Amino acid sequence: MDSDGTRDARGTHANPVPRPAEPREASAVPPMPPVPPGAPPRPDGSAFLTWLRTSRPETAPGVWRFGHRPRPEQEPERIPARQLLSGAVIAFLVGWLVWSLLWNGYLGGWWVLPLELFTPDSWRQNDHVGNAVLWYSYYTLIAVAIMLVVGRLGRWGEVWRRYGPPAWRSAVPAAEPAPAPEQDPAEWPQLRRAGAHEAAERLAAEARAGLMRDVDHARLDRAWQGVRSGTHTLASFTGAVLKDGSAACLHPSGERDVPARQARHDLLTGQVRLGTTADDPRNPYHYRGSGLALGPELLGTSLLAVGPAGSGKTGAVIRPLAESLCLHALAGRAAVVVVGAAGAGLGPAESYDVVVRIGHPDSVYDLDLYGGTTDPDEAAAILAEALVGDLADPHPGGDSRRSTTVLAQLLGPFRAVHDRFPSVPELRQLLDGTPGPLAALRKALTDTGQEPLLRELDARERQMAHPGDVGAVLADRIALLDRPAFAAFFDTSGQSRPFSLKALDHPVRVRIDLPQRGHADASRILARLVLAQFTASVTVREDRSLFACLLLDDASGVVTPESVRGIQRLRSAHAGTVLTLRTLDDVPRPLRGPLLGATGCRMALSGLTPWDGQDFAEVWGKEWTETRDVTDRQIIAETPAGKAVHMLRRVITGQAPTARAVTVRQVERERWSASELAHGVPPGHAVLSLTTVQGEHAPPLLVDLRG
């Protein structure tokens, strides 16, 4: 305090006075702040630990397991509200009447005999206070007994649960008890059992500090599976964890998450939530109101989604699945290829490792026309399927072997001479039978003494002279790719960066943009090419622990006899496809049944046409249901009194007296009829049936894709 009575402000926070800076060494550096200036503080790990410890019970196929509360298989009988309330009121009135009759002695005094027989006389006569307590206690006991009986008959408990305070309170899930340390997934008990205590402590500490994400947990769990299978050593895994913590064993891209998420994902179960199963009588009771989710165990049987434009095929199905599979790829669990039109909204380019923008001059990557193979016969089969697969006999036994032979007769000799396959312009010249390139190829084969390949070339030249030669059709189709917009693509000289689907042995994320505008026919050829390369490459992988999936947005003109056979082989190769169609009319009629049979998951979106609905109704089959036939028969009175009563009833109710007869029958009916699929599916909804790779089935479910 100063002499004038004022407080010195130095050292106070309210009015600080600047002081001269104290001299310090020039080399002194201020401490680094824990977070960048302006950045929010780091979150703790409570949210991650809550997510990790949330229960995920085993459920039926397609149910969102995260925090799911199972429901009974059969719907419990629910009494109508009017019947329930009227029964409760009538039971109360009956109980009141019985008590009134007992109290006023209209039913005699027998109901007090138990008290008189089992209690001494002194209790009832000597002490007035004790006598009153004894009798009124007995009255209360009798009243409570009457209330219990009539309450049970009137279902008062059900009224209390449905309309009382239990129904007013919001349904807040009870907090789950904390798991034991040896069962807590946040403590990594599997590492501790294997002796890697230091690695487990490091990961548990980072989880509690909020430094671990769901992708990190899934990636480290995948790496630990590699240790258990012998792919990696325990020492290398432990060393990586002690060095980098939750950032160990990173994806080759170095990313730990996608830029943004639009769907709900649970990487612990591998599911992505697409919507909510509607509370509809046509859905099984244990599915109603639960989340609907898909994972690799369902996508491994392939998915076919059919619906008109704007029904949600891309935004509600393809985009969430692509996002989920990209997260799986970052965790080292999957490889994904997403194919669609440029600008279709398949996710940002930053979510993918490779983006092939065919026909775009700024595309960094090219597409390998021959799928990375060096075998001319395999390359010819893939290319023939892409070029003329849609022209093959659409019946299930049809194929394109003639086209494969024609291409093999040219690809084999060309590769033997040039040690590469021909580019698009070179292949077009060979198919057109241009004399110059064929003569040069013949001369090179003659100089090197390739007699078997010369015979192949001779056979091709003889076939060119015959009418109906397949080479002319192949030349017309390859000409669709020999356009100025594609001049910089499909390079075989090694000057570009071609992407090959042989890379699906690695957890790669690929997006291929097709040039839809102005090149629709070329886009369909390229879509068939990618599908053919995918089915050919995933079935010959050495490491099938990675789940490989192809998402093809708009598969119009892509379904061929060979592609249907290829899809059927994917389940055993730990791979699957997701195809979308605007209508089944885009598939040849003989192939619609085989296509629906080859895919284990089938989705019919709102707006389906009745003739498309008929195909779905046939593949979903029929089921036995219970029907009730109600018949009202008019009652004819025989006596004058009966006629008077009937006349009075008709005046009061306005209807003639009738007797109702109910007949219950078991009938077989379609699960979903074509008319219901066309007119009974609300906007934003879909009907979806599911099959897992283990063979478990889920019946067709009405799903709200907006939930």
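**Close-up 1. Crossing of helix 17 and helix 18 in the predicted model.** In this predicted model, helix 17 and helix 18 cross with a left-handed sense. Helix 17 spans residues 435-448 and helix 18 spans residues 451-464, and their axes come within 10 Å and cross at roughly 155°. Because angles over 145 degrees count as roughly antiparallel, helix 17 and helix 18 are roughly antiparallel to each other.

**Close-up 2. Residues in the contact of helix 17 with helix 18.** From helix 17, the contact draws on L438, L441, R442, L445 and T446, while helix 18 contributes L453, L454, L457, D458, E461 and M464. Sorted by class, the residues of this contact comprise 7 nonpolar, 1 polar and 3 charged.

**Close-up 3. The aromatic pair of F48 and W51 in helix 1.** The structure as a whole holds 15 aromatic pairs. In the pair of F48 and W51, the ring centres lie 5.7 Å apart and the ring planes stand at 35°, so this pair is tilted. Both F48 and W51 belong to helix 1, which covers residues 46-53, and they are separated by 3 residues, about one turn of the helix. As for their surroundings, F48 is buried and W51 is likewise buried.

**Close-up 4. An aromatic cluster of tryptophan and tyrosine residues.** This view concerns one aromatic cluster, which is formed by the tryptophans W99, W103 and W111 together with the tyrosines Y136, Y138 and Y139.

Terms used: Residues numbered from 1 in each chain as written. Predicted model: local features only at pLDDT ≥ 70, side-chain atom pairs only at ≥ 80, totals over all residues. Heavy atoms only, no water. Axes fitted to C-alpha atoms, helices over the stretch in contact; angles between N-to-C directions. Helix = DSSP H or I, 4+ residues; strand = E, 2+ residues; numbered from the N terminus. Parallel < 35°, antiparallel > 145°, perpendicular 65-115°, else oblique. Left-handed = near helix turned anticlockwise from the far one by under 90°. Contact = heavy atoms within 4.5 Å. Nonpolar A, V, L, I, M, F, W, Y, C, P; charged D, E, K, R; others polar. Phe/Tyr/Trp six-rings, centres within 6.5 Å; stacked < 30°, edge-to-face > 60°. Buried < 20%, exposed > 50% of the residue type's maximum accessible area, 1.4 Å probe, protein only.
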